[in-house]
Amino acid sequence: MIMDGPDEASLSYDFAAIVDTQKAFFASGKTRGLDFRLEKLRILEAAITRRGEELLAALASDLGKPSLEAYVAEYYFVLSEIRLFRKNLSRWSRPQRVGNPFYFYPARSEIRREPYGVNLIVSPWNYPFQLSLSPLVAAVAAGNCVVLKPSEMAPATALLLAALIAEVFDPAHVIVVNGGPRIGKELLELPFDFWFYTGNERIGRLYAEAGARTLTPVALELGGKCPCVVDIGVDLDIAVERIISAKFFNAGQTCIAPDFVLVPETLKDTFITKAGAVLTAAYGNENRGDLAAIVNERHYRRLRSLITPGEIRVGEDNFAARRLAPRLLPDADWKSLAMQEEIFGPILPVIAYTSLDEALKALSALPSPLALYAFSRNRQTLEHIAGSVRSGSICFNDVLKQATNLNLPFGGVGNSGMGRYRGRAGFECFSYQRSVTRRYFCRDFFRLMPPYGDRLEKLRRLLK
């Protein structure tokens, strides 16, 4: 069951007043104090901890998420990132001392991280809590004010986020605005100092255009068809289990999930057999509740249209519950419907290749994805794959690990986005480098002021 949020037609916000209020709050300098930022993160962590069960219920209502998946990927992930910030923010915030040319002496130069101001964060529905709060935590830690718009397609979580944020923050500092496309369109017209959007490429372009109009920096976390390349000679039992577990987590509704698998022709039948067995063991009749639901009927029908004859299906579809049975497409090829768009669901095409170089050439012609996965025992082969196909990130011999490590930056390239966040990269994403030089009231030994006389010759000997 989906819990309905407020009808968008009934929602009304004075966005100009919201932005003006936040700009005034930011101008007061309060958000920049380190103690203030750390205290807000502490209070937010405590509030999330208190609402843990409420969060799991909201995610079950919106997406039918199994409690384990919701706990690990949303609740625990966000708490881990907050704790990382609380532990390291003081160190990350320190100015970075740099050297000076000798002709500056005496002088001191440093790089400071400065917040942008009032930020807009627009989050998606597939991980509605994590992908709302992960960037928000980074923005607050960097000293910004934030307007957060959660996805209207996860209404129970959106309402929870609104209540949670109102409990922790003054609306002049952080506020949640709920609504659908109309609200989103209105937000695009406002004078934000930084835009952060997670979602699909089509809407992402609108944010890029809005940023270009106003010369405002933009970070975009988009999607793409993340390939998984399997080399000859790998341990198929381990490889298949890792690929299947990652692909069907959250019913495949993960932007960094392996979208399709390329396997050597000689391994295809074995791969399919093992994958079918792992899929059945994971999502057989007794485990049907361990697969999340599809977010809505429109996406359900879209996914159904991608299925081709020859599928290997585990269980039956349930349209009323929006449960789409997990599937392998063993007869897929580059022209299949499922290969023309990002799948974003529990369907895994398997394509055989005879030449790795030809397969990599085909992959390199596609838009650059958020992630690339490669399985091989040969390190040179892994590096060859990495060097042949551009992607926002890459993981060797496993799936998702590079994007769930808070010590690594996360983001896309080209069609899959721009900008990086998570952990320290998030702090840097929501702040800019401000160059600062301080000189002293001493005599200038290298003063450049007319009359120059014969100084040029002296400078030539000195500044070689």
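In this short talk I will go through some helices, salt bridges and a surface patch in the structure above, which is a predicted model.

Let me begin with two helices, α5, which covers residues 130-141, and α6, which covers residues 155-168, whose axes come within 11 Å and cross at roughly 25 degrees. Because angles under 35 degrees count as roughly parallel, α5 is described as roughly parallel to α6, and the crossing itself is right-handed.

Next, please look at Pro115, which sits in strand β2, residues 107-115, and which counts as buried because its relative accessibility is 8%. Its C-alpha atom is separated by 6.5 Å from that of Tyr432, although the two residues are 317 apart along the chain.

Turning to charged side chains, the count comes to 27 salt bridges, and one of them joins Arg42 to Glu39, with the closest N and O atoms 2.7 Å apart. Both of these residues lie in helix α2, three residues apart, which is about one turn of the helix.

A similar case can be found in helix α15, where Glu457 and Arg460 are also separated by about one helical turn, because they are three residues apart, and where their side chains meet in a salt bridge at 3.0 Å, N to O. Here Glu457 is partly exposed, at 41%, whereas Arg460 is exposed, at 51%.

Helix α15 also contains Leu462, which is partly exposed with a relative accessible area of 42%, and which belongs to a nonpolar surface patch whose members, including Phe102, Tyr103 and Phe445, together have about 720 Å² of accessible area.

Notes:
Residues numbered from 1 in each chain as written. Predicted model: local features only at pLDDT ≥ 70, side-chain atom pairs only at ≥ 80, totals over all residues. Heavy atoms only, no water. Patch = residues over 30% accessible without salt bridge, like charges linked within 9 Å, V, L, I, M, F, W, Y side chains within 5 Å. Areas by Shrake-Rupley, 256 points an atom, 1.4 Å probe, with all protein chains shown as cover. Salt bridge = Lys/Arg side-chain N within 4 Å of Asp/Glu carboxyl O. Helix = DSSP H or I, 4+ residues; strand = E, 2+ residues; numbered from the N terminus. Buried < 20%, exposed > 50% of the residue type's maximum accessible area, 1.4 Å probe, protein only. Axes fitted to C-alpha atoms, helices over the stretch in contact; angles between N-to-C directions. Parallel < 35°, antiparallel > 145°, perpendicular 65-115°, else oblique. Left-handed = near helix turned anticlockwise from the far one by under 90°.
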